[in-house]
Amino acid sequence: MKILIVGGGGREHALSWKLNQEDAVSKIFTAPGNGGTEKIGENVPISGNDIEGLSNFAKSENIDLTIVGPEAPLTLGIVDTFNELGLTIFGPNKAAAQIEGSKSFAKNLMKKYHIPTADFEEFTNPVKAKEFVKKIGAPVVVKADGLAGGKGVIISKNIVDAHTAIDRIMVNKEFGDAGDKVIIEQFLTGEEASFLAFTD
């Protein structure tokens with residue numbers, strides 16, 4: 001079985017390390033990969049966001065299974081493209097990946113289905129976002145709506161910090177297009193835990 005892993009971080013290294021222990025796996029490619037994946041299989045110089053390049057590679061190498069690590073290719077629709085081409089791939093389609101790619105989508109989904117979450121408002125105008133912070137006070141959490149490489153969430157202990165965070169995200173565009181919209185969220189205290197699950 002030939003496997004293509006999309007991504008270049010520690011998650012992809014862990015996946016390739018574990019899959020390499022399976023007798024059914026004959027070859028592992030990682031695109032673009034890293035120093036760790038290079039020692040396990042073969043790194044391929046294709047960006048994780050180059051969906052056409054990845055699908056062409058999967059076809060030409062007769063890849064049996066593609067596994068997607070990062071969120072960005074999923075939000076760009078890599079699974080939809082591979083499915084249309086009859087290529088086997090593991091990951092959510094573009095519509096389902098919005099839960100990771102848009103915080104406002106995720107928050108509104110939780111609101112719709114009564115899943116407990118911090119109170120929030122969303123804004124596309126930095127002036128209105130700042131007015132809202134003045135109205136509700138601090139502390140608050142300011143979040144870039146889109147993917148920001150794990151860095152688009154700013155806990156603001158006072159109104160000045162919150163206004164600075166809004167400027168960083170929406171005016172200075174520190175996180176690019178991810179900051180076209182912000183979420184201003186209620187600050188919650190307590191323990192934080194992550195739960196990961198696989199489902200069909």
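In this predicted model, helix α9 (residues 159–171) lies across strands β6, β7, β8 and β9, and its direction makes an angle of about 0° with that of β7. The strands beneath this helix form an open sheet of four, ordered β6-β9-β7-β8 and paired in the antiparallel sense. The edge positions are taken by β6 (120–123) and β8 (153–156), each of which pairs on one side only. Averaged over the sheet, and with direction ignored, neighbouring strands are turned by 20° against each other. Helix α7 likewise lies across β6, β7, β8 and β9, but with an angle of about 145° to β6.

Within this antiparallel sheet, strand β9 (residues 182–186) is joined to strand β7 (residues 140–144) by five bridges, the two strands running antiparallel. The register of this pair can be followed at two positions: Val-142 has Ile-184 of β9 as its bridge partner, and Val-140 stands opposite Gln-186 of β9. Strand β9 is also joined to β6, again in the antiparallel sense, through four bridges, and here Phe-120 has Glu-185 of β9 as its bridge partner. Four of the five residues of β9 are buried, and the strand is therefore largely enclosed by the rest of the structure.

Helix α7 (residues 103–112) also takes part in a contact with helix α6 (residues 94–101), in which the two axes come within 6 Å and cross at roughly 95°. Because angles of 65 to 115 degrees count as roughly perpendicular, α6 is described as roughly perpendicular to α7. On the side of α6 the contact is made by Ala-95, Gln-98, Ile-99 and Gly-101, which meet Lys-103, Phe-105, Ala-106 and Leu-109 of α7. By class, the residues of this contact comprise five nonpolar, two polar and one charged.

A further open sheet, of five strands, has the order β3-β2-β1-β4-β5 and parallel pairing. Its edge strands are β3 (42–43) and β5, each of which pairs on one side only. Strand β2 (residues 27–32) pairs with β3 in the parallel sense over two bridges, and Thr-30 is found opposite Asn-43 of β3. Strand β1 (residues 2–7) pairs in the parallel sense with β4 over four bridges, with Ile-3 opposite Leu-65 of β4. On its way to the sheet edge, the order continues from β4 to β5; strand β5 (residues 89–90) pairs with β4 in the parallel sense over two bridges, and the bridge partner of Ile-67 in β5 is Phe-90.

Strand β4 (residues 65–68) illustrates the arrangement of side chains in this sheet, with Leu-65 and Ile-67 pointing one way, Thr-66 and Val-68 pointing the other way, and all of them buried. In a regular strand, side chains alternate between the two faces of the sheet. Helices α1 and α3 both contact β4, as follows. Helix α1 (residues 10–19) lies across β1, β2 and β4 and runs at about 165° to β1. Helix α3 (residues 51–60) packs on the sheet as well, touching β1, β2 and β4, and its direction makes about 170° with that of β1.

Taken over its whole length, the chain contains nine helices and nine strands. The C-alpha trace spans about 60 × 35 × 30 Å along its principal axes, and of the 200 residues of the chain 38% count as buried. The chain exposes about 11,800 Å², of which carbon and sulfur atoms supply 52%. Among contacts between residues at least 6 apart in sequence, 57% join residues at least 24 apart.

Terms used: Residues are numbered from 1 along each chain as its sequence is written. This is a predicted model: local features need pLDDT of at least 70, side-chain atom pairs count only at pLDDT 80 or more; totals for chains, interfaces and linings use all residues. Side-chain values use heavy atoms; hydrogens and water are left out. Axes are lines fitted to C-alpha atoms, for helices over the stretch in contact, and angles run from 0 to 180 degrees between N-to-C directions. Angles under 35 degrees count as roughly parallel, over 145 as roughly antiparallel, 65 to 115 as roughly perpendicular and the rest as oblique. Contact means heavy atoms within 4.5 Å. Ala, Val, Leu, Ile, Met, Phe, Trp, Tyr, Cys and Pro count as nonpolar, Asp, Glu, Lys and Arg as charged, and the others, Gly among them, as polar. Buried means under 20% relative accessible area, exposed over 50%, partly exposed in between (1.4 Å probe, protein chains only). Accessible areas come from the Shrake-Rupley method with a 1.4 Å probe; for residues, only the protein chains shown count as cover. Two strands pair if DSSP finds at least two bridges between them.
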